[in-house]
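Here are some notes to read with the model open beside you. Take the points one at a time, and find each residue on screen before moving on.

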Amino acid sequence: MTFSRKEFEDRIAKLQAILQNRGIGWAALFDDVSMLYYTGTIQSGVLVVPAAGDPSLFLRKSAERGASESWLNEQIAPIRSFRKVAQAVDCKGPVGIVKGRTTASHLDLFLKYFDESLSVIDITNDTTTLRAIKSQAEIELLREAGKRQARVFSQVPELLQLGESEWTV
């Protein structure tokens, strides 16, 4: 099951509200969890979310694949380096980064194309909290996953034999 465009738009809107409340001009999201949660694709790249306005997705590999997987299909651009991101974005103010899921070397590669005075603010707790609060669509998906898991587990007793190891089952 994939989520609706509205589901992804709501996720972005909630992140933008946090950015605005904290005085953060924009967010740059690199990690797989954030990429999948906010875009629907898990490719290598960066999602740029301004505090107000439309997000942009910059992908290192296949922009075509990204367009087929993501709701952001019109805001996807291929990149070879983060230099193109720095040239393309017009975001002002400090940048929010999920530091808890971004390596220092990856962050350095990104920031070297931006002004040295750019302030970096950790938004790890904010994004984690947003993902922890489930929408109705997420709750429905979790319920369906639970039902499927229960069906599988209900078949386990039929597979077990006295004296047989779990390796042979």
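1. Let's begin with the largest nonpolar core of this predicted model. That core has 23 residues, and the ones with the most contacts inside it are Leu15, Leu29, Tyr38, Leu47 and Val49. Two or more residues come from each of these elements: α1, β1 (26–29), α2, β2 (45–50) and β3 (56–59). The largest share, 5 residues, is given by α1. Apart from this core lies another one, of 17 residues, including Val85, Ala86, Ile97 and Phe110.

2. Tyr38 deserves a closer look, as one of the residues with the most contacts inside the largest nonpolar core. What is tyrosine 38 in contact with, leaving aside its neighbours within four places in sequence? The list is Phe8, Arg11, Ile12, Leu15, Leu29, Leu47, Trp71, Thr127 and Leu130. Two of these partners, Arg11 and Thr127, come back in the points below.

3. Now turn to helix α6, which covers residues 124–132. Its buried residues are Thr124, Asp126, Thr127, Leu130 and Arg131. Why do they count as being on the same side of α6? The reason is that they cover an arc of only 165° around the axis. On the other side of α6, Asn125 and Ala132 are exposed. As for packing, the buried residues of α6 sit against α1, α2, β5 (95–97) and β6 (120–122).

4. Threonine 127 is a good residue to follow within helix α6. Its relative accessible area is 0%, so threonine 127 is buried; the cut-off for that word is under 20%. Not counting neighbours within four places in sequence, threonine 127 is in contact with Leu15, Tyr38 and Val98. Try tracing the chain between threonine 127 and tyrosine 38: they are 89 residues apart in sequence, yet their C-alpha atoms are 10 Å apart in space.

5. Next comes arginine 11, which has its place in helix α1. Is arginine 11 buried or exposed? Its relative accessibility is 5%, so arginine 11 counts as buried. Once neighbours within four places in sequence are left aside, its contacts are Phe3, Tyr37, Tyr38 and Glu138.

6. Arginine 11 also leads us to the largest pocket, since Arg11 is among the residues closest to the pocket's centre. How much space lies in the largest pocket? The computed value is about 340 Å³. There are 15 residues in the lining, and those closest to the centre are Phe3, Arg11, Leu36, Tyr37 and Leu141. At least two lining residues each are supplied by α1 (5–22), α2 (32–39) and α7 (136–159). Sorted by class, the lining holds 8 nonpolar, 2 polar and 5 charged residues.

7. Helix α1 has residues with other surroundings too, and alanine 13 is one of the residues in this helix. With a relative accessible area of 40%, alanine 13 is partly exposed, a term that covers values between 20% and 50%. Alanine 13 and alanine 51 are 38 residues apart in sequence, and 8.9 Å separates their C-alpha atoms. The distance from the C-alpha atom of alanine 13 to that of glycine 53 is 9.4 Å, with their positions 40 residues apart along the chain. Glycine 53 itself lies in the loop between β2 and β3. Its relative accessibility is 44%, so glycine 53 counts as partly exposed.

8. Finally, find glutamine 20, also placed in helix α1. Glutamine 20 has a relative accessible area of 48% and is therefore partly exposed. Not counting residues up to four places away in sequence, glutamine 20 touches Ala51 and Ala52. For aspartate 54, the C-alpha atom is separated from that of glutamine 20 by 14 Å, and the two residues are 34 apart along the chain.

Notes: Residues numbered from 1 in each chain as written. Predicted model: local features only at pLDDT ≥ 70, side-chain atom pairs only at ≥ 80, totals over all residues. Heavy atoms only, no water. 1 Å grid on protein atoms, 1.4 Å probe; cavity = no way out; pocket = protein on both sides within 12 Å on 5 of 7 lines; lining within 4 Å. Points joined across faces, edges and corners; volume = space filled by probe spheres on them. Helix = DSSP H or I, 4+ residues; strand = E, 2+ residues; numbered from the N terminus. Nonpolar A, V, L, I, M, F, W, Y, C, P; charged D, E, K, R; others polar. Core = buried A, V, L, I, M, F, W, Y, C linked by side-chain atoms within 4.5 Å. Buried < 20%, exposed > 50% of the residue type's maximum accessible area, 1.4 Å probe, protein only. Contact = heavy atoms within 4.5 Å. Arc of directions from axis to C-beta.
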